[in-house]
Amino acid sequence: MSKKKNFPSSEGVRGFRDLRGSVLSARKQAVQILSDIYEAYGFEALETPVIETAEALGKFLPDVDRPAGGVFGFQDDDERWLALRYDLTAPLARFVAHYDQHLPKPFKRYQTGSVFRNEKPGPGRFREFHQFDADIVGTAAMTADAELCAMLSEGLQALGIKSDEYVININNRKLLTAVFEVAGLSGDDDATFQKRAIAFRAIDKLDRLGEAGVKALLGAGRKDASGDFTEGAGLSDAQTDIILAFTRARGGDNNQTLEACRALLGENETGQTGLVELEKMFEMIDASCSNSQNMVFNPAIVRGLGYYTGPVFEAELTFDVQNEKGKVVQFGSVAGGGRYDDLVARFTGRTVPATGVSIGLDRLLTALENRGALKSEQENLGPVIVTIMDRDRIADYARIAHELRAAGIKTELYLGEAGFKAQMKYADRRHAPIAVIQGSDESAKGEVLLKDLHLGMMMADKAHTHEEWRHNEDVQKLVSQNDIVSAVRAMLERIKNRV
């Protein structure tokens, strides 16, 4: 009796995804649009390795209770701990420290790529996701922070987000530090540090848990709907009231909100410094951004990563969507960043001012799809398909495909063994706009038949008869093989105007 073979599971790792086709095409389009805008602002492209030393990355993730700080780590042959990058900023700091003498200052770079978080996956929450970052290293001027916000705004609108569909919330970590000082949480001992860390994470969840949930986390702790209990910061009611009063400080405009915060912080030096930085930043935004009304001072914005030292900002999409439970909610955050003047100093001991912004590209693409700003899978046209009618004339078909590709037309020669009917099904699955067909009769006359598959699909959807479909000259057209390039281009132009 033969032993049954155990095959490995084909199911992927939880929290990771297989992507293909239209998803990757949309990402490619978005990356190109953003790259063009960022380069127009003087940023240059950079690529760093996906693996860094754990020492270089540090432990700055917000989920500090997770083993290994929420990173995927492993040991090399020399027993040195390595890790998959959890963002693109920490590797940039390492790069700047290493090549410091060879870089122009300020150094402006953009980068896109996958990052990895060893966190519990859930609906819309993945362990690998794509980011698009831009950073300015080597200047403490608030002009840099303002430019990043202006550039982010321009990028969102270039991708199809309307001016009334997003807001860029801005705050300053110095103000939050000052609030903690006012609340009596300025000590350097481990217990006070832990309380501040929990408080930071709690405030960062204000939009999701509401003030009641955050108040519980600032106090004894909170039990969620599943019964899981999260330990709180253990602050007194008076301390909690001071923090929550700051997060809800609002005015009719940014200047009024600044004044409201100034009244709450009193003479605190750290707080006054942060307010002056924000005033300078908003002054530059008003001067250089055509959508400055979208930039809003929001004292409740924290940003989770622990390396921020000054202004922080977060782009939030304000239109409604249905979540996985069918409930109508606002889409929420798709980008964020801030100033991190101490990050490079980890490597050199010397403070190097820096600021940056990161777009969660996968999440943003989901938003664009929701708004209809991305083409559907059917509208993302595939290649022209050159079909195989006579197997002994495969070289002739290859020459046709080569001629079309040489003319800049995306073209695929069918490489399978199936018959014509199956080839047409294949062309449909590839979302091919046109099928090129040449049997022996057409070859003898020096002709090819072009089928407009897109129009054919539209006619089929509208229940035209087969005879109407076959004899419609717009659906299929005989052309001279010598004119194939111009004929295919003309048919593609009609299809593009149609979609």
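**Helix α1, the nonpolar cores and helix α3**

In this predicted model, G21 is partly exposed, with a relative accessible area of 47%; buried means under 20% relative accessible area, exposed over 50%, and partly exposed in between (1.4 Å probe, protein chains only). G21 lies in helix α1 (residues 21-40), where helices (H or I, at least four residues) and strands (E, at least two) are DSSP runs numbered from the N terminus. Between G21 and C289 there are 35 Å in space, C-alpha to C-alpha, and the two are 268 residues apart in sequence. Residues are numbered from 1 along each chain as its sequence is written, and side-chain values use heavy atoms, with hydrogens and water left out. Local features need pLDDT of at least 70 and side-chain atom pairs count only at pLDDT 80 or more, whereas totals for chains, interfaces and linings use all residues.

The largest nonpolar core (buried Ala, Val, Leu, Ile, Met, Phe, Trp, Tyr and Cys residues joined through side-chain atoms within 4.5 Å) has 74 residues. Those with the most contacts inside it include Y38, I168, M281 and I359. Helix α4 (residues 142-158) gives the most to this core, with nine residues. A second, separate core of 23 residues includes V384, I400, A401 and I484. Leaving aside residues up to four places away in sequence, I359 is in contact (heavy atoms within 4.5 Å) with residues including L34, Y38, F132, L152 and L364.

Helix α3 (residues 89-98) is mostly covered, as seven of its 10 residues are buried. Among them are P91, L92, F95 and V96. The buried residues of α3 pack against β2 (51-53), α2 (54-57), β5 (107-116), β6 (128-137) and α11 (345-348).
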